[in-house]
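Please look over the notes below with the structure open beside them. They go through one helix, one core and one residue in turn.

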Number of protein chains: 2
Amino acid sequence: MKIGIIGLGLIGGSLGIDLRSRSGGVASSQEHYIIGISRHEDTCKIALDKGIVDRASQDFTALSDAEVVIVCSPIAAISSLVEQIIPYLNPDTIITDVGSVKYPVVKSCSKLWSRFIGGHPMAGTSSSGINAAIPNLFTGAAYVFTPTDKNNAEDVAKLKKIALDLGAIPYICDAKIHDRAVSSISHLPVMISASLIRTCLQEESNTLDLAQILASSGFRDTSRVGGGNAELGVMMAKYNRQELLRSLYSYRDNLDSIIDLIKQEKWQDLEDILKSNGEARPKFLN
Amino acid sequence: MKIGIIGLGLIGGSLGIDLRSRSGGVASSQEHYIIGISRHEDTCKIALDKGIVDRASQDFTALSDAEVVIVCSPIAAISSLVEQIIPYLNPDTIITDVGSVKYPVVKSCSKLWSRFIGGHPMAGTSSSGINAAIPNLFTGAAYVFTPTDKNNAEDVAKLKKIALDLGAIPYICDAKIHDRAVSSISHLPVMISASLIRTCLQEESNTLDLAQILASSGFRDTSRVGGGNAELGVMMAKYNRQELLRSLYSYRDNLDSIIDLIKQEKWQDLEDILKSNGEARPKFLN
């Protein structure tokens, strides 16, 4: 399959590496031919030198015979890129993206291109850029696609095949459900973790000094995502704003319940909550 | 030094192991003689067999010539144990404890025994019991002591020496400041993490199913302490209730500020907070 990848960073580059080298372990399967697009000449050179792509170009004309185009840009640029590449595409081309929020992306891109199908490979590292691209990034990871009623089953099957070739596990779901789920387990944690760091920093200086000395694994783990990539945190909040606010309101209600239990010294109720949490948590860990 | 350890679990047992084998690396330093006390005959046997103590007894009379007694029981039992051992002690004996909350413990125990000095070695594992006791548990860890104006400097120096013999780093501070600091960096994270798990579990079933599939390291880390030992979580809340409520109110204010920024789409302000968090967090990590 001829696959175009727009944006050769961590995700785009890692997709290139694995799609070039794999066809899901099926010997008879046709290998993929990867066309990489980057605005930067340097990135194109590195992509070719490292064998990340078969062809690299700064020019969208290179996409003219691609069966599938994967837009691997930050969320803010996706629909603008889709608009820009349309004049160069074959009408049968499927476009997908890798953004971590799906509803607003699908909403705007489906209007531009009927064969657009939202995608979200759930993998990454804390690094970015073409030199951060690595093999096997998607092995065992969930790869979510969010087709609408208007997409055809064949196109969805093609994307699922790409996910399988990457060693990922494809899931099909509604874009809204996706955004709600990632809000709970990914975007909400960033905001509650950020609020923790902020709270600790507001302690008076003698308490803060001691807190910094005494902080150990509990603080380290709970504060990790709130002290991470700021641009990414804002992007999530901006594009998944409605679902994130919903999660935050629900979270605040739960926090208030726990505050009330402590205030009213209802220790058995608090213990019941902590126990049921302990029992439920493993279902979220794979 | 003759040191009594009451309660031979993870902490008491690990103290025994390291105090028996070490004297702070000083060759001329006098070695410690460890008297272990447990209610359970089996635990006494194991402690002797494993070389955790020099002498093990179910009887407080064994403490009659101890210079220092370390009470290693759950917080709820500390002051009752201090009361019970008093009839057996030499008046010069220093009593300390290892509880994770200091103000209420120091308040009640100082009334019972003028040479009581609160202690908190900041180390542990998720295991418990005599068989969980390990060497080097306290190496490099903070060991906080919270003497009052009424304690004498010589007694404090003796406890600091014990901490140094363990390879730990002794800190002296006010009990209230200690409780405030551990509330921020240890007890508060448990409650905000517990509220996260609770919020996710309240999602509708199709969102919850997907959330469980998609949850990765962000959820895993932020939810860890909220899905941990329920009894310990309640104990912290119960004994550090006032400071924990204070932390929780301050936390809720910070959470509300972040909710407001997202509601009002003040993205630059949100990015500034996340960035300053990222810069401040390393100061809490050693």
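1. This is a predicted model. The notes start with helix H1 of chain A, residues 10-21.

2. The length of H1(A) fits a regular helix rise: at 1.5 Å a residue, its 12 residues should span 16 Å, and the end C-alpha atoms lie 17 Å apart, which agrees.

3. Is H1(A) largely enclosed or not? Of its 12 residues, 10 are buried, so the rest of the structure largely encloses this helix. The buried residues are A:Leu10, A:Ile11, A:Gly12, A:Gly13, A:Ser14, A:Leu15, A:Gly16, A:Ile17, A:Asp18 and A:Leu19.

4. The cover over those buried residues includes three strands of chain A, namely S1 (2-6), S2 (33-37) and S4 (68-71), together with helix H5 (153-165) of chain A.

5. The largest nonpolar core has 80 residues. Within this core, A:Ile262, A:Leu270, B:Ile262 and B:Leu270 have the most contacts. Helix H6 of chain B (residues 175-201) gives the most to the core, with 12 residues.

6. What does B:Ile262 touch, leaving aside residues up to four places away in sequence? In chain A, its contacts are A:Met191, A:Ala237, A:Arg241, A:Leu244, A:Leu245 and A:Leu248. In chain B, they are B:Trp267 and B:Leu270.

7. A:Thr43 belongs to helix H2 of chain A, residues 41-49. Its relative accessibility is 14%, and buried means under 20%, so A:Thr43 counts as buried. Not counting residues up to four places away in sequence, A:Thr43 touches A:Leu8, A:Ser38 and A:Ile130.

Note on methods:
Residues are numbered from 1 along each chain as its sequence is written. Chains are lettered from A and ligands numbered from 1 in the order in which they are written. This is a predicted model: local features need pLDDT of at least 70, side-chain atom pairs count only at pLDDT 80 or more; totals for chains, interfaces and linings use all residues. Side-chain values use heavy atoms; hydrogens and water are left out. Helices (H or I, at least four residues) and strands (E, at least two) are DSSP runs, numbered from the N terminus. The expected span of a helix is 1.5 Å times one less than its number of residues. Buried means under 20% relative accessible area, exposed over 50%, partly exposed in between (1.4 Å probe, protein chains only). Contact means heavy atoms within 4.5 Å. A nonpolar core is a set of buried Ala, Val, Leu, Ile, Met, Phe, Trp, Tyr and Cys residues joined through side-chain atoms within 4.5 Å.
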